[in-house]
Amino acid sequence: LGILAAKILEKYNVSVFTYGQDESDEKKFKGSCRSRGDIHLVKLMTQAKENFEHFGGHELAGGFNVPLGKLHTP
């Protein structure tokens, strides 16, 4: 997913979150994100931390786990 996020960022010049179903648990999703520099990804995810089981990274790249029930939380 990290490679996919990087390619989307490169091609479209947009910050991006990508995710897919966890192979070991169908009720969880793993994801990766990349920023073009206008968004600090860890600060953004921290603002919505109640929606993630785990997240980390730095300003330009990160990863996360999210349960199915929180996947489309507004």
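Asn65 is partly exposed, at 25% relative accessibility, and its place in this predicted model is in strand β4, which covers residues 61-67. Around Asn65, leaving aside neighbours within four places in sequence, the contacts are with Phe29, Lys30, Phe52, Glu53 and His54. One of these residues, Glu53, also takes part in a salt bridge with Lys28, and the points below take up the charged pairs, the buried Arg34 and the two sides of helix α1 in turn.

**Asn65 in strand β4**

- The C-alpha atoms of Asn65 and Gly20 are separated by 9.7 Å, although the two residues lie 45 residues apart along the chain.

**Salt bridges**

- The count of salt bridges comes to 3, and the pairs include Lys28 with Asp25, Glu53 with Lys28 and Arg36 with Asp38.
- Between Lys28 and Asp25 the closest N and O atoms are 4.0 Å apart; Lys28 counts as partly exposed at 29% relative accessibility, and Asp25 is likewise partly exposed, with a relative accessible area of 26%.
- Lys28 also pairs with Glu53, where the closest N and O atoms are 3.7 Å apart. Because Glu53 lies in the loop between α2 (41-47) and β3 (54-57) while Lys28 lies in strand β2, this pair ties together parts that are 25 residues apart in sequence.
- Glu53 itself is partly exposed, with a relative accessible area of 44%.
- Arg36 and Asp38 form a salt bridge whose closest N and O atoms are 3.1 Å apart; Arg36 is partly exposed at 47% relative accessibility, and Asp38 is partly exposed with a relative accessible area of 48%.
- Through shared partners, salt bridges join Asp25, Lys28 and Glu53 into one network.

**Arg34, a buried charged residue**

- Arg34 has its place in strand β2, which covers residues 25-34, and it is buried yet has no salt bridge.
- The nearest side chain of opposite charge to Arg34 is that of Glu10, which is 10 Å away, whereas a salt bridge requires a side-chain nitrogen of Lys or Arg within 4 Å of a carboxyl oxygen of Asp or Glu.
- A polar contact of 2.9 Å does, however, join the side chain of Arg34 to that of Ser32.
- Not counting residues up to four places away in sequence, Arg34 touches Gly2, Ala5, Ala6, Leu9, Ser15, Val16, Leu41, Leu60, Ala61 and Gly62; among them, Gly2, Ala5 and Leu9 are the buried residues of helix α1.

**The two sides of helix α1**

- Helix α1 covers residues 2-12, and its buried residues are Gly2, Ala5 and Leu9. They cover an arc of only 65° around the axis, which puts them on the same side of α1.
- In general, an α-helix has 3.6 residues a turn, so residues three or four places apart point the same way.
- The buried residues of α1 pack against β1 (16-22) and β2.
- On the face of α1 turned away from its buried side are the exposed residues Ile3, Lys7, Glu10, Lys11 and Tyr12; one of these, Glu10, is the residue named above as carrying the side chain of opposite charge nearest to Arg34.
- After α1 comes Asn13, whose phi is positive, near 55°.

Terms used. Residues numbered from 1 in each chain as written. Predicted model: local features only at pLDDT ≥ 70, side-chain atom pairs only at ≥ 80, totals over all residues. Heavy atoms only, no water. Helix = DSSP H or I, 4+ residues; strand = E, 2+ residues; numbered from the N terminus. Buried < 20%, exposed > 50% of the residue type's maximum accessible area, 1.4 Å probe, protein only. Lys, Arg positive; Asp, Glu negative; His and termini not counted. Polar contact = N/O pair within 3.5 Å; in protein donor to acceptor, adjacent residues only side chain to side chain. Contact = heavy atoms within 4.5 Å. Arc of directions from axis to C-beta.
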